[in-house]
Structure formats: C-alpha cells, structure tokens
Amino acid sequence: MMPPPKKKKCISHETFPDICLSPRHHLELSLLEDPWKSMESADLVLVLVDVSDKWTRNQLSPQVLQCLTQFSQVPSILVLNKVDCLKQKSILLELTATLTEGVVNGKKLNVRQAFRPCPDTHCPRPAAKDLNTQSEKNAGKIGWPNFQEIFMLSALSQEDVKTLKQYLLAQAQPGPWEFHSGVLTSQTPEEICINKIREKLLEYLPQEVPYNVQQKTVVWEEGPSGELIIHQNLLVPKESHMRILIGEKGHLISQIAQEVGRDLMDIFLCDIQIRLSVKLLK
C-alpha cells in the first residue's frame, strides 16, 4: 500500500517581510533562520506576493531570491494574492512579467515588460538588504525565471483557494508520517493557549501593535468543577497601545477573551475561564 502524502513544507515571500529586518520590532531571529532550514527538506516552494501592496509587489526581496538561488533544485510556484483589490487587471500581467523575468516553466511569456526605469520619486521602495547574506549573483535581480506555475487568486474566494490546494495535493510526495496517528499536536496546552491569543491579537490589532505585545501567563490551574482557569497579562510598551488593545469601554479585549475561550473549549473539551489583563510594560 502506498503511504499517504506527507505534509508539504513550503516557504513564502512573506516569510521574509521587511519588518523582520527592522530592529525596532524586536522580532525573533528565527523568523529569518527558519525558512532556510525548512528549504533543506522542502518539496515545493510557494512564493506569495501581496499585489495590493504597491511598495513591495514589484520585486521579490533579495533574501527570497538568494534562497531560491541556493535551493534552485526545489520546484517553486508564484502565487499572486489579493487580486480582488486591483482595479486594473492589466497590472497582474505586468507583475507576472516582472516577477518571473518573462519565463515560466522554461517558456517565455508573451507579455510586454511594463516596469520601465522611472524617476526616483516614483520608483517602488527598494527591498531591505542584508549585507551579510546578499549574494552578488543576485544583485540587480528582481524576479525569478524558474517558477513552474503561477496562481492569481483572492484568499477570500474559496474556489481560488481550492484550486491552489488541489495543486499542492497533487504535487505532494508519498512519505512516512512525522507523528503517530494518535498525536494531535506537539504543542503543550500552554503553547496552544498562547498561540490562540496571539492569533486574535494579529487579527484585531493594526500595523506593528500585535508584534509589540508580550504575553505572560499568571494563572493556569484547574477549578473546583474541573474547569480550566487561565489568567494572562498582555504587556505593551505604550499607553496608546493599551488603549487600542483594550478598546472602547473594554469591548475589544473582552471580545478577544470570549473568542479565545470558545476556541479553547473546542480544543480541550472542558469549560474555560479566561481573563486577559492589559498592562504597561515597565
């Protein structure tokens, strides 16, 4: 019997966001290191580009290009997301020609190159460079000519997402399971809770605010009726961040706590009492 397809390990363009390179956000170095480690055992590379962002959509970051070059033996595909945000669909053809250097699956595209040299005042913002890792070979390159396929989609469209999922499933290579079938997750219950809260912070908070929130579990214990009692402090560096996270009359933090509680009840199959406190980081 053929073993089931193993989960694909993919790396995306957004794995190397510019924010990772900015020390003011204090993000973990692993955000830059892990993608490279993942490439060593990846079956397929998925490069995801947000076409609604006019500052970053016109070129792949130097880190992504270096990664693609170093692991050129790994098949790669280009996914242009948020196409529903574009009023002029011709931009998709221009982006395709630019990000693929006019070549897809070894064949030249019959699309005119749309991004011509322009004055500095109108040029897209250059991607951040890492002088320690940037390869001279990729200097001046903005696209990758070895993509096997291109997908143009809106993540809001279930049909578009389904098409991409079907492609990924078809490309999956048979292999052994990484974990026993009885293992639901390798995360601890505390890690699941922390990640659930982090998920809501990323969903509801704007810009860099969720990245500056530090989580500290104060209480994790079983109540008298078997319920799980959780109290976590959310530490923020600015009073303005506190106001945003708490929301008007405490509505936002209350909503986040309620949604996290419902999700954890479904996961742990027990009653959950969760309290989230927002405090200023000292």
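In the predicted model, K141 has a relative accessible area of 27% and is therefore partly exposed. The residue forms a salt bridge with E101, in which the closest N and O atoms are 2.9 Å apart. K141 is located in the loop between β4 (107-108) and β5 (149-152), and E101 in the loop between α3 and β3 (103-104), so the pair ties together parts that are 40 residues apart in sequence. E101 has 35% relative accessibility and likewise counts as partly exposed, since values between 20% and 50% fall in that class.

Side chains of opposite charge can pair when their charged atoms come close. The count of salt bridges in the model comes to seven. One of them joins K82 to D50, with 3.3 Å between the closest N and O atoms. This pair links distant parts of the chain, as K82 is in the loop between β2 and α3 while D50 is in strand β1, 32 residues apart. K82 is partly exposed at 34% relative accessibility. D50, in contrast, has a relative accessible area of 16% and is buried, because this value is under the 20% limit.

A further salt bridge is formed by K200 and D263, whose closest N and O atoms are 3.6 Å apart. Here too the pair links distant parts of the chain: K200 belongs to helix α5 and D263 to helix α7 (residues 251-268), with their positions 63 residues apart in sequence. K200 is at 8% relative accessibility and so counts as buried, whereas D263, with a relative accessible area of 21%, is partly exposed. The value for D263 is to be read against the limit of 20%, under which a residue is classed as buried. The pair also takes part in a network of salt bridges, which links K196, E199, K200, E203, E259 and D263.

The surroundings of K200 were examined further. Helix α5, in which K200 lies, spans residues 189-204. When neighbours within four places in sequence are left aside, the contacts of K200 are I256, E259, V260 and D263. These four residues also appear among the α7 residues that meet α5. On the α5 side, the residues concerned are P189, I192, C193, K196, I197, K200, L201 and Y204. Their counterparts in α7 are L252, Q255, I256, E259, V260, D263, L264, I267 and F268. The axes of the two helices, α5 and α7, come within 10 Å and cross at roughly 140°. The helices are therefore oblique to one another, because an angle has to be over 145 degrees to count as roughly antiparallel. The crossing of α5 past α7 is right-handed.

Nonpolar cores were considered next. In soluble globular proteins, nonpolar side chains tend to be buried together. The largest nonpolar core of the model contains 24 residues, of which V47, L60 and L68 touch the most other members. At least two residues of this core are supplied by each of α1 (30-39), β1 (45-50), α2 (62-70), β2 (76-81) and α3 (90-99). A second core, separate from the largest one, has 23 residues, including V236, V260, L264 and I274. Two of these members, V260 and L264, are also listed among the α7 residues that meet α5, and V260 is in contact with K200.

Key. Residues numbered from 1 in each chain as written. Predicted model: local features only at pLDDT ≥ 70, side-chain atom pairs only at ≥ 80, totals over all residues. Heavy atoms only, no water. Core = buried A, V, L, I, M, F, W, Y, C linked by side-chain atoms within 4.5 Å. Buried < 20%, exposed > 50% of the residue type's maximum accessible area, 1.4 Å probe, protein only. Contact = heavy atoms within 4.5 Å. Salt bridge = Lys/Arg side-chain N within 4 Å of Asp/Glu carboxyl O. Axes fitted to C-alpha atoms, helices over the stretch in contact; angles between N-to-C directions. Parallel < 35°, antiparallel > 145°, perpendicular 65-115°, else oblique. Left-handed = near helix turned anticlockwise from the far one by under 90°.
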